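Here are my notes on the structure you sent over. Have it open while you read.

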Amino acid sequence: MLAMPEINHIKKLRNDKSLSINEISKRTGFSWQTVKKYADNDQLPEEKVPIKKGMMYEEKWGEIVIDWLTEDYALKKKLRRNNKNIFDGLQKLGFPGSYRTVCNFIKEEWKEKMLNETDELKEECERLTHPPAEAQIDFGITEAIEDGKAKDIHCLVMSFPYSNAGYAVPLPAENQECFLEGLKVIFNQSGFVPRKLRLDNLPAAVVKARGRNQETVFTEEFQRFASHYGFEAQACNPRKGNEKGHVENKVGYVRYNFFTPSPVINDLAHLRDLLFEQCRKDHQRSHYKKGEVIADLLEEEKKYGLALPESDYPVFKQSMVTANKYGEVRIDGALIHVPKSYYYSKLYLIQYWDYYKVVSSNGEILSNGPRPYMNQTREIPWQSILKNWRKKPRSIVYSRYFSYLPGRIAHYLNIESMKLRKERVDWLLSLINTHDVKEIDERFYELLPDVFGK
């Protein structure tokens, strides 16, 4: 396109000098077609609305991504999908594009248009050097879906900064029994014990944080545990999270790569196996800086570590308790009935990370079972989810919650007709106030005629 002075010059030669197109072309050096375009045609401004093209706009992929991002925005940030999770999910649906295409779309259509967020400057922290066989440990809270309900998972994550390897163990709480049990599991999974273990001021391990002229005071049980395995515990200074920044990053990495979306599990043992396999697979990637495979670096790191002891440390907490007049003992804040407890003035409560037992002074086990927190779950808000699905039935099979549905219901909603999808969502909405999703699935064929047989 010519500049306005050149366009005006052509028009002046044409209109004021009455020159031919050929003559103007010779004088200006522009092609005949160019001169003809500007000499005889009005150059009026036109509205130009750019129409975005490409598979993200012309096909279903962009809508799916926006649906996912909108759905995730209602969740806590740690539970949201990141770009890689979204790309992996699209690939499972047959997406033919690249990771960069997805990233560009999310940046332009979500982050810049929808969120309008600005980056904040982060305080620079002192860069720490990490020799082999030094590890960092921390908890991170995420969730899994068990038996159709959400379950909080306290994930104990250990990272090895030298090799960038990491291990994660799911636990029901962050008390001392769970913490020490998690350390045992990770030591066994990695095949060695780190010489130094850096940790935050976790109540499970620390009685009193480091202060002026005073070192950290660890719990007696943690000191015994450390002595048995031979590692040196190093507590961070208060409010100095950068001193264990590697494991904090690893906690986020585990959350976004292994828990987004929330996995469907049978129990904690099942999740433990899944996480161990995920960690082993992750060790096959290259180190972000050294360029070597993480698994190879970890194998080299083992040479500098401590050997596992011949026997595992027995982790439990023992205390004396008294039953109330109803024969109940308080365990983890819950009152548990203990048969025959009224015969004894004192009872021994022995708590492991996952179960308890109440023993009489004669050594008789009066009661035992899973610790109360083992069965703590939260209902998935199916009513609000179903209402959103009714408005956008196309999004059902792409929703993060679709995989949480029991088999019969999931199959029932996975139908091409949007009209039928709405009708079937209406059926579920009519039942959800009086039946949970698991019950609807179990009584599926019994409940179905009650609605559509009339």
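The points below go through loops, surface charge and salt bridges.

1. First, a caveat: this is a predicted model, so treat every distance and accessibility here as computed from that prediction.

2. Start with L75, which sits in the loop between α5 (61–73) and α6 (83–92). Leaving aside residues up to four places away in sequence, L75 touches R80, R400 and Y401. If you want a longer reach, try H411: 336 residues separate it from L75 along the chain, and the two C-alpha atoms are 26 Å apart.

3. K77 is in the loop between α5 and α6 too. Is K77 buried or exposed? It counts as exposed because its relative accessible area is 60%, and the cut-off for that label is over 50%. On the surface, K77 joins R100, K107 and K111 in a patch of positive charge.

4. Now over to K17, found in the loop between α1 (4–15) and α2 (21–28). With a relative accessible area of 53%, K17 is exposed as well. Between the C-alpha atoms of K17 and P381 you'll find 79 Å, with the two positions 364 residues apart along the chain.

5. How many salt bridges does the structure hold? The count is 25, and a few are worth a look. In one of them, the side chains of E146 and K151 meet at 3.9 Å, N to O. Both ends are tucked away: E146 is buried at 18% relative accessibility, and K151 is buried at 4%. Buried here means under 20%, so E146 makes the cut.

6. Next, R408 and D441, whose closest N and O atoms are 3.7 Å apart in a salt bridge. This pair links distant parts of the chain, with R408 in helix α14 (residues 407–413) and D441 in helix α16 (residues 437–442), 33 residues apart. The two ends get different labels: R408 is partly exposed at 37% relative accessibility, whereas D441 is buried at 11%.

7. E439 and R443 also pair up, their side chains meeting in a salt bridge at 2.8 Å, N to O. Salt bridges with shared partners also tie E63, D67, K392 and R394 into one network. Back at the E439 pair, E439 is partly exposed, with a relative accessible area of 25%, and R443 is partly exposed at 28%.

Key: Residues are numbered from 1 along each chain as its sequence is written. This is a predicted model: local features need pLDDT of at least 70, side-chain atom pairs count only at pLDDT 80 or more; totals for chains, interfaces and linings use all residues. Side-chain values use heavy atoms; hydrogens and water are left out. Helices (H or I, at least four residues) and strands (E, at least two) are DSSP runs, numbered from the N terminus. Contact means heavy atoms within 4.5 Å. Patches are made of residues with over 30% relative accessible area and no salt bridge: like charges are joined within 9 Å, nonpolar side chains (Val, Leu, Ile, Met, Phe, Trp, Tyr) within 5 Å. Accessible areas come from the Shrake-Rupley method with a 1.4 Å probe; for residues, only the protein chains shown count as cover. A salt bridge is a side-chain nitrogen of Lys or Arg within 4 Å of a carboxyl oxygen of Asp or Glu. Lys and Arg count as positive and Asp and Glu as negative; His and the chain ends are not counted. The place of a charge is taken as NZ of Lys, CZ of Arg, CG of Asp or CD of Glu. Buried means under 20% relative accessible area, exposed over 50%, partly exposed in between (1.4 Å probe, protein chains only).
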